[in-house]
Amino acid sequence: MNKQLLFDAAERAGWTGAQAALGVGITELADIPVWWAAPVALALASAKSWVAGRLGRKGTASTLPATVDPATLARGA
């Protein structure tokens, strides 16, 4: 399997898991119903996208460095 694909899948799974865990944690701390975890996780995803747009590669939503970012064009053969 392609190494860049594995990095991309790991990054996406990691961010999704972190957003879900933070969403549940925030709802528990705020003592509100757990169904609010989904909107909180969506807000966190939006914030991650905003940060990635400023720190990551231009035109991608990746927070990976350019050397392992699947959206980066391969150089050489």
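Which residues in α1 meet which residues in α2? In this predicted model, W15, Q19, L22, G23, V24, I26 and T27 form the α1 side of the contact. A37, V40, A41, L44, A45 and K48 form the α2 side. By class, the residues of this contact divide into nine nonpolar, three polar and one charged.

The overall fold can be stated briefly. The protein chain has two helices and zero strands. Helix α1 covers residues 3-30, and helix α2 covers residues 37-55. The chain holds 77 residues, of which 21% are buried. Its accessible surface comes to about 5,700 Å². Carbon and sulfur atoms account for 68% of that surface. Among contacts with a separation of 6 or more, 38% join residues 24 or more positions apart.

The helix pair was then described by its geometry. Two packed helices are characterised by the angle between their axes and by the distance between those axes. For α1 and α2, the angle is about 130 degrees. The axes lie 8 Å apart. An angle between 115 and 145 degrees falls in the oblique range, and α1 and α2 are therefore oblique to each other. Their crossing is right-handed.

Q19 gives a closer view of the α1 side. This residue is found in helix α1 and also takes part in the contact with α2. Its relative accessibility is 12%. The cut-off for burial is under 20%, so Q19 counts as buried. Beyond its neighbours within four places in sequence, Q19 is in contact with A41, L44, A45 and K48. These four residues are also listed on the α2 side of the helix contact.

A18, also in helix α1, has a relative accessibility of 32% and counts as partly exposed. The C-alpha atoms of A18 and A41 are separated by 8.9 Å. Along the chain, A18 and A41 are 23 residues apart.

On the other helix, A45 lies in α2 and belongs to the contact with α1. Q19 is one of the residues that A45 touches. A45 is partly exposed, with a relative accessible area of 27%. The C-alpha atoms of A45 and T16 are separated by 8.0 Å. A45 and T16 stand 29 residues apart along the chain.

The connection between the helices contains a backbone feature. D31 is found in the loop between α1 and α2. Most residues other than glycine have a negative phi. The phi of D31 is near 55 degrees, a positive value in a residue other than glycine. Is D31 buried or exposed? Its relative accessibility is 70%. The cut-off for exposure is over 50%, so D31 counts as exposed.

Terms used:
Residues are numbered from 1 along each chain as its sequence is written. This is a predicted model: local features need pLDDT of at least 70, side-chain atom pairs count only at pLDDT 80 or more; totals for chains, interfaces and linings use all residues. Side-chain values use heavy atoms; hydrogens and water are left out. Buried means under 20% relative accessible area, exposed over 50%, partly exposed in between (1.4 Å probe, protein chains only). Contact means heavy atoms within 4.5 Å. Accessible areas come from the Shrake-Rupley method with a 1.4 Å probe; for residues, only the protein chains shown count as cover. Axes are lines fitted to C-alpha atoms, for helices over the stretch in contact, and angles run from 0 to 180 degrees between N-to-C directions. Angles under 35 degrees count as roughly parallel, over 145 as roughly antiparallel, 65 to 115 as roughly perpendicular and the rest as oblique. A crossing is left-handed if the near helix is turned anticlockwise from the far one by less than a right angle, and right-handed if clockwise. Ala, Val, Leu, Ile, Met, Phe, Trp, Tyr, Cys and Pro count as nonpolar, Asp, Glu, Lys and Arg as charged, and the others, Gly among them, as polar.
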